[in-house]
Amino acid sequence: MKRLFPWLIAVLVVAGLCWAFPPFHIRSLKQVKADIVGTTFNPTNFVEQFWSSKLQPATDQAADAAKVLAAIAANPEKVGEQFGRTVGISSSYFLFLRGTGRVVSADADSIGLSLQAQGTNVDIAVPLGPVFGNAVRDGTGLLDSSSYPNAQEFNDISAGLNHLVETQVLPELQGIAAIGKRVRFVGCVEVADEDSDLKPLKLVPISVKLE
Amino acid sequence: MKLTLSQLIRAVALAMASILLVFSATAADQPAAKGKIAVVISTLNNPWFVVLAETAKARAIELGYDATIFDSQNDTAKEASHFENLIAGGYKAVLFNPTDADGSVANVLKAKAAGVPVFCIDREINSTNAATSQMLSDSYSGCVKLGQYFVKTVGKEGKYAELLGLVGDNNTWNRSKGFHSVVDRYPGLKMVAQQSADFDRAKGLEVLESILQKNPDIKAVFCGNDAMAMGAYQALVSAGKDKQVKVFGFDGADDVVKLIAEGKIAATGMQFPKVMAQKAAEYADEYLKGKRDFPQKIPVKVDLVTPENVSKYGDYGKKN
């Protein structure tokens with residue numbers, strides 16, 4: 001028993017030290033994720049404010065869609081250089097467009113607009129499903145990733161903007177887009193592949209109105 | 001004293017060899033004219049990071065610098081020690097692949113205070129006033145594309161698992177969030193397990209083996225990098241489930257690209273380690289020549305690699 005006593009003391013001391021100064025902590029993945037995202041940035045508030053005070057007033061800066069379509073017809077390889085915006089190192093570019101088109105097709109997946117007076121071809125398609133990607137965030141040049149210390153904040157902005165497009169703009173478009181109607185639009189396009197993304201342009205709208 | 005012709009030739013050859021030896025020894029002892037650049041990499045226990053490190057080193061040497069690679073072994077303490085050594089060692093710039101988005105900030109600030117510019121490659125630090133510039137793969141957008149392809153190939157219903165990378169690294173969550181921003185829109189797709197395998201191949205194998213024991217009916221596994229995807233694929237082969245479960249990775253590692261071509265892995269996101277590493281070395285050179293206005297963050301686009309377009313990719317990039 002006497003021999004065991006010092007060992008018992010040592011074990012108790014070690015146990016006490018471990019209790020007072022735990023060598024490691026077990027935390028849930030959810031907790032770690034929350035800590036990384038941080039608490040100071042509120043993407044929902046930011047996106048709502050940005051949408052109304054910065055994005056909507058900037059629609060005048062968008063390029064004339066008719067001119068972009070003329071450039072595509074003339075030389076598709078020059079469109080990015082003339083009208084596009086590239087973010088970082090990428091072969092893709094974004095277009096920020098405004099114009100008026102006539103509804104020539106409408107189904108559950110997409111609304112098709114023609115910019116020609118009597119045209120039947122879809123020049124601009126507006127997909128109606130979930131909105132993914134960064135066309136709205138990166139298409140206008142109003143937001144710069146360098147201003148955000150954590151890329152997750154910047155990505156949350158993209159998700160928030162896409163959510164507003166889905167919940168506000170697309171339902172409005174579906175409400176007014178009857179065949180033959182003329183619709184004024186402003187929106188962004190991502191061109192990742194010039195062979196497939198220019199004809200038609202796939203627009204993520206930020207504003208639509210019946211003319 | 002008379003010398004024969006052969007003796008004369010031998011004497012001249014000996015003299016020339018001695019001169020060459022002296023010159024080469026002097027050249028080896030002297031750093032290159034432009035100084036030394038450090039390449040500090042989170043881990044070299046992954047071929048993708050080896051490519052990143054070797055490319056950065058090679059480009060720095062091409063630009064006239066001496067370059068040394070430091071392996072942090074995914075340990076912030078080792079990384080801190082590398083920074084102390086390289087600052088004391090007179091390195092002029094650091095091409096840096098951080099171990100931890102928060103934990104690595106102090107090291108970068110220490111270098112900055114010592115007048116040594118730091119250029120982050122691939123992985124982000126959570127600060128916009130520490131590094132001179134950060135060249136970062138757009139992991140989130142890449143995984144949005146992977147998520148869309150996942151839904152297209154796996155379908156809108158079924159069970160799947162996710163292997164996360166290092167939980168302290170922003171890329172882990174950027175990739176996971178990009179993927180979930182798509183997949184979570186389909187309530188029929190149920191994630192039955194989400195566990196970290198630290199971006200490590202052996203851990204990827206172990207973790208998926210344990211997941212398969214509890215969830216033998218998963219249809220797919222999404223892995224936050226290709227090393228874990230390779231480990232997961234090995235686990236599936238061992239369990240005889242490699243035909244049943246689709247594996248999705250991220251990085252564009254050569255072994256995964258080959259397995260995509262063979263129809264064994266479903267898809268990956270091609271990052272461009274060579275492009276990032278070369279650009280970072282070029283930025284360091286420009287900085288040392290006097291340029292100061294660098295963008296803080298430069299996103300680098302990630303391409304989706306699938307069996308349909310895999311022939312266009314290889315050697316850690318896009319084929320010309």
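Visitor: How many of the residues in chain A are buried?

Guide: In this predicted model, buried residues account for 41% of the 211 residues in chain A. A residue is called buried if its relative accessible area is under 20%.

Visitor: What share of chain B is buried?

Guide: Chain B has 320 residues, and 54% of them are buried.

Visitor: Why is Asp197(A) called buried?

Guide: The relative accessible area of Asp197(A) is 15%. Buried means under 20%, and therefore Asp197(A) is counted as buried.

Visitor: Why is Lys202(A) called partly exposed?

Guide: Lys202(A) has a relative accessible area of 38%. Partly exposed is the class between the limits of 20% and 50%, so Lys202(A) belongs to it.

Visitor: What makes the contact of Asp197(A) and Lys202(A) a salt bridge?

Guide: The two side chains meet with an N to O distance of 3.8 Å. The limit is 4 Å between a side-chain nitrogen of Lys or Arg and a carboxyl oxygen of Asp or Glu, so the pair of Asp197(A) and Lys202(A) qualifies. Over all chains, the structure holds 22 salt bridges.

Visitor: How do you know that Lys274(B) forms a salt bridge with Asp315(B)?

Guide: The closest N and O atoms of Lys274(B) and Asp315(B) are 3.0 Å apart. This value is within 4 Å, and the pair is therefore a salt bridge.

Visitor: Which parts of chain B does this pair tie together?

Guide: Lys274(B) belongs to helix α10 (residues 273–288), whereas Asp315(B) is in the loop between β13 (313–314) and β14 (317–318), so the pair ties together parts of chain B that are 41 residues apart in sequence.

Visitor: Are Lys274(B) and Asp315(B) buried or partly exposed?

Guide: Lys274(B) has a relative accessibility of 26%, and Asp315(B) has one of 48%. Each value falls between 20% and 50%, so Lys274(B) and Asp315(B) both count as partly exposed.

Visitor: What makes Asp303(B) and Lys301(B) a salt bridge?

Guide: Their side chains meet at 3.3 Å, N to O, and the limit of 4 Å is therefore satisfied. Asp303(B) and Lys301(B) are both buried.

Visitor: Which residues are linked in a network of salt bridges?

Guide: Lys34(B), Asp285(B) and Lys289(B) are linked in such a network.

Visitor: Which residues form a negative surface patch?

Guide: The patch consists of Glu77(A), Asp193(A), Glu194(A) and Asp195(A). Asp and Glu count as negative, so the patch is called negative.

Visitor: Why can Asp193(A) belong to a surface patch?

Guide: Asp193(A) is partly exposed, with a relative accessible area of 35%. A patch residue needs over 30%, so Asp193(A) meets that condition. Asp193(A) is located in the loop between β5 (182–191) and α8 (194–197) of chain A.

Visitor: How many helices and strands are there in each chain?

Guide: Chain A contains eight helices and six strands, while chain B contains 10 helices and 14 strands. Starting at the N terminus, the elements of chain A follow the order α-α-α-β-α-α-β-β-β-α-α-β-α-β.

Visitor: What area does each chain expose?

Guide: Chain A exposes about 11700 Å², of which carbon and sulfur atoms supply 56%. For chain B the exposed area is about 13700 Å², with 55% supplied by carbon and sulfur atoms.

Conventions:
Residues are numbered from 1 along each chain as its sequence is written. Chains are lettered from A and ligands numbered from 1 in the order in which they are written. This is a predicted model: local features need pLDDT of at least 70, side-chain atom pairs count only at pLDDT 80 or more; totals for chains, interfaces and linings use all residues. Side-chain values use heavy atoms; hydrogens and water are left out. Patches are made of residues with over 30% relative accessible area and no salt bridge: like charges are joined within 9 Å, nonpolar side chains (Val, Leu, Ile, Met, Phe, Trp, Tyr) within 5 Å. Accessible areas come from the Shrake-Rupley method with a 1.4 Å probe; for residues, only the protein chains shown count as cover. The place of a charge is taken as NZ of Lys, CZ of Arg, CG of Asp or CD of Glu. Helices (H or I, at least four residues) and strands (E, at least two) are DSSP runs, numbered from the N terminus. Buried means under 20% relative accessible area, exposed over 50%, partly exposed in between (1.4 Å probe, protein chains only).
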